[in-house]
Amino acid sequence: TPLLKPRDPLKVDESGRPLRFLSHIVMEKGAAYAAAVDAREIALLSLKRKKTLIGEGKPEETRLKVTIPGGGEIRALALDGRGDDLFVGTSSGALFRVDLRNPAEPRIAETLSPATRNGSPVTLLGFLIGDRTLVVGDGAGGVSSWQLLRPAEGSTLTSTFQHTHTH
């Protein structure tokens with residue numbers, strides 16, 4: 001029989017602002033949370049479990065903020081399963097890849113326009129099995145998929161599929 005263990009609630013944003021959008025992942029060594037707390041601001045919370053000689057120690061917390069540039073508001077968030085990348089979709093149709101590999105300095109590594117119609121908002125972000133193919137839905141009914149490739153000069157998102165909704 002599964003056993004549910006209640007835990008204290010997490011406060012992703014230290015100032016207690018309401019969360020507009022939330023993405024989280026649970027990894028072997030902890031968990032990561034990304035929450036849109038403003039039109040273009042994201043609060044990041046990372047919890048890493050520390051091993052102790054007796055039982056589980058208290059998780060180590062890392063809190064950071066990321067501001068998304070441009071005029072659009074955040075409409076969708078997706079953390080990959082490794083906690084390496086955060087993808088952010090906006091109302092202006094932009095898709096940002098935030099590189100989280102250096103936990104002390106998250107950076108916007110890439111910006112593109114995945115919408116099937118120019119300026120159509122990004123409305124949905126999700127991953128296929130394996131967390132390396134990102135699926136993007138837009139306000140025009142279009143769907144596209146993107147893979148994160150790692151060439152020698154750095155990671156880049158590459159389009160693998162696009163479908164435009166026709167009426």
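A strand is a DSSP run of E with at least two residues, numbered from the N terminus. The exercises below apply this term to a predicted model.

**Exercise 1. Determine which pattern of secondary structure the protein follows along its sequence.**

Solution.
Step 1. Count the elements: the protein has 0 helices and 12 strands.
Step 2. Read them in sequence order: the pattern is β-β-β-β-β-β-β-β-β-β-β-β.
Step 3. Add the overall context. Of the 167 residues, 40% count as buried, where buried means under 20% relative accessible area. Among contacts with a separation of 6 or more, 39% are between residues 24 or more positions apart.

**Exercise 2. State in which order the 4 strands of the open sheet are arranged, and explain why one side of strand 1 and of strand 4 is left without a neighbour.**

Solution.
Step 1. Establish the order: the strands of this open sheet follow 1-2-3-4, with antiparallel pairing.
Step 2. Find the edges. Strand 1 and strand 4 (60-67) each have a single partner strand, so one side of each has no neighbour in the sheet.
Step 3. Consider the angle: neighbouring strands of the sheet are turned by 10 degrees against each other on average, with direction ignored.
Step 4. Examine one pair. Strand 1 and strand 2 run antiparallel and are joined by 7 bridges. Within this pair, histidine 24 is placed opposite tyrosine 33 of strand 2.
Step 5. Recall the general principle: strands of a sheet pair through backbone hydrogen bonds, either parallel or antiparallel.

**Exercise 3. Describe the hairpin formed by strand 9 and strand 10.**

Solution.
Step 1. Locate the strands: strand 9 covers residues 122-127 and strand 10 covers residues 133-138.
Step 2. Describe the pairing. The two strands run antiparallel, with 5 bridges between them, and valine 122 faces aspartate 138 in strand 10.
Step 3. Inspect the turn: 5 residues lie between the strands, and glycine 130 in the turn has a positive phi of about 105 degrees.

**Exercise 4. Identify which residues of the largest nonpolar core touch the most other members, and which strands supply at least two residues each.**

Solution.
Step 1. Name the residues: in this core of 18 residues, Ile42, Ile68, Leu86 and Val88 touch the most other members.
Step 2. Assign the strands. At least two core residues each come from strand 1 (21-27), strand 2 (30-36), strand 3 (41-48), strand 5 (74-79), strand 6 (85-90) and strand 7 (95-99).
Step 3. Follow one member. Leaving aside residues up to four places away in sequence, isoleucine 68 touches Arg40, Ile42, Ile74, Val88, Thr90, Phe96, Val98 and Ile108.
Step 4. Separate the other core: apart from the largest one lies a core of 10 residues, including Leu95, Leu112, Leu134 and Val136.

**Exercise 5. Characterise the second largest pocket and the largest cavity by volume and lining.**

Solution.
Step 1. Begin with the pocket. The second largest pocket holds about 320 Å³ of space. Its lining has 19 residues, and Ala32, Ser46, Gly83, Leu100 and Pro103 are the closest to its centre.
Step 2. Assign the pocket lining to elements: strand 2, strand 3 and strand 4 give two or more residues, and strand 3 provides the largest share, 4 residues.
Step 3. Turn to the cavity. The whole structure contains 1 cavity of 30 Å³ or more, and the largest cavity has about 40 Å³ of space.
Step 4. Describe the cavity lining. Of its 10 residues, Phe87, Phe127, Asp131, Arg132 and Leu148 lie nearest the centre. Strand 6 and strand 11 (143-149) each supply at least two lining residues.

Terms used. Residues numbered from 1 in each chain as written. Predicted model: local features only at pLDDT ≥ 70, side-chain atom pairs only at ≥ 80, totals over all residues. Heavy atoms only, no water. Core = buried A, V, L, I, M, F, W, Y, C linked by side-chain atoms within 4.5 Å. Buried < 20%, exposed > 50% of the residue type's maximum accessible area, 1.4 Å probe, protein only. Contact = heavy atoms within 4.5 Å. Pairing = 2+ DSSP bridges. Axes fitted to C-alpha atoms, helices over the stretch in contact; angles between N-to-C directions. 1 Å grid on protein atoms, 1.4 Å probe; cavity = no way out; pocket = protein on both sides within 12 Å on 5 of 7 lines; lining within 4 Å. Points joined across faces, edges and corners; volume = space filled by probe spheres on them.
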